[in-house]
Amino acid sequence: MRQGSGETGARIGRRAATILASLTLVATALPAQDVTQVSSTTVTRTTVPVTTGVIDSKAVNALRTMGAYLRTLKSFGVDVKGAKDEVMDDGQKILISGTVKYLVRTPDRLRAEINTDRKQRTIYYNGKTVTLFAPRMHYYSTVNAPPTVMQMLDTVSAKYGVELPVADLFLWGTPRDGVDALKQARYIGPSTVDGIQTDQYAFRQAGTDWQIWIEQGSRPLPRRLVITSVDQPEKPQYLATLMWDLTPNTDDANFTFTPPQDAKQIPWNTTTTASARRAP
């Protein structure tokens, strides 16, 4: 089975989210914008002219404002409800859904509870160690970790191939946010996500189309994210909706793993994490 966009692919610094409306609707419905033309005008099969390679400064500034705001948060909880396409060898797309519950206290505390159709995992990070716990399989693995959340995420990704869902929450607002890699950026318009007033934006990067819905007002939080891998013929997608808690309980006990009596400790290596990804 080939992996679609999702848990290991949704790094918005390099990957991003789809434009659901047709190019015809985008071309005819958008308000006047401050744009920079970076390539030529093309014509769709419907003969409606569509400008490609346009960078709208409003959309780019919205990303940067959101990122700057996220970096001011000293602690937060966010529940991510997501669904992704996995592509079978014969090209059929299979939908996999799940949730992730993040609890974060910067700079050195994180807990992530991952529940999908196929697996349950919890990751605990306390500034010194990171533990992967698989409750259904009754095992856990612990390794030493560097002293910040972002360094920890980089380490487990590089050494063990573990990449957390929507990990770009920790990259937006940093030099690694990927904004410079944008090939197209558009403001789509106002939208409502779970009763929250947002603004919708659409972007393109190499191999990826993406959309993001950012809360209006003084809390520019990302509320919805859609990612399409356009470099694959099946164009698999990842969709996530985010619910935020900016006043969570971040006592140290919430980031400390206490193994159940029946849990077995095993080495954390590439074989372990590959098994963890395949397991239910």
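Where does Lys235 lie? Let's work towards that with a few exercises on this predicted model, in which local features need pLDDT of at least 70, side-chain atom pairs count only at pLDDT 80 or more, and totals for chains, interfaces and linings use all residues. Residues are numbered from 1 along each chain as its sequence is written, and side-chain values use heavy atoms, with hydrogens and water left out.

**Exercise 1. Place Lys235 and Val166, and describe their backbone and exposure.**

Step 1: Find the elements. Helices (H or I, at least four residues) and strands (E, at least two) are DSSP runs, numbered from the N terminus. Lys235 lies in the loop between β14 (222-229) and β15 (237-245). Val166 is found in the loop between α3 (149-160) and β11 (184-193).

Step 2: Look at phi. Most residues other than glycine have a negative phi, and most peptide bonds are trans. Lys235 is not a glycine, yet its phi is positive, about 50 degrees. Val166 also has a positive phi, near 50 degrees.

Step 3: Check exposure. Buried means under 20% relative accessible area, exposed over 50%, and partly exposed in between (1.4 Å probe, protein chains only). Lys235 has 42% relative accessibility, so it counts as partly exposed. Val166 has 2%, so it counts as buried.

**Exercise 2. Find the cis peptide bond.**

Step 1: Look at Thr106 and Pro107, which are joined by a cis peptide bond with omega of about 5 degrees.

Step 2: Locate Pro107 in the loop between β6 (93-105) and β7.

**Exercise 3. Describe the neighbours of strand β8.**

Step 1: Apply the pairing rule: two strands pair if DSSP finds at least two bridges between them.

Step 2: Start with strand β7 (residues 109-116), which runs antiparallel to β8 and is joined to it by six bridges. Glu113 stands opposite Thr122 in β8. A hairpin with three residues links β7 to β8.

Step 3: Turn to strand β9 (residues 129-134), joined to β8 by four bridges, again antiparallel. Tyr124 has Thr131 in β9 as its bridge partner. β8 and β9 form a hairpin with three residues between them, and Gly127 in the turn has a positive phi of about 90 degrees.

Step 4: Ask about burial. Five of the six residues of β8 (residues 120-125) are buried, so this strand is largely enclosed by the rest of the structure.

**Exercise 4. Classify the ring pair Phe133 and Phe257.**

Step 1: Recall the rule. Rings of Phe, Tyr and Trp (its six-membered ring) pair if their centres lie within 6.5 Å; planes under 30 degrees apart count as stacked, over 60 as edge-to-face and the rest as tilted. The count by this rule is nine aromatic pairs.

Step 2: Use the numbers. The ring centres of Phe133 and Phe257 are 5.1 Å apart with planes at 45 degrees, so the pair is tilted.

Step 3: Place both rings. Phe133 is in strand β9 and Phe257 in the loop between β15 and β16 (264-265), so the pair ties together parts that are 124 residues apart in sequence. Phe133 is buried at 12% relative accessible area, and Phe257 is buried at 16%.

**Exercise 5. Explore the surroundings of Ile196.**

Step 1: Find Ile196 in strand β12 (residues 196-205). With 24% relative accessibility, Ile196 counts as partly exposed.

Step 2: List its contacts (heavy atoms within 4.5 Å). Not counting residues up to four places away in sequence, Ile196 touches Ser191, Glu215 and Arg223.
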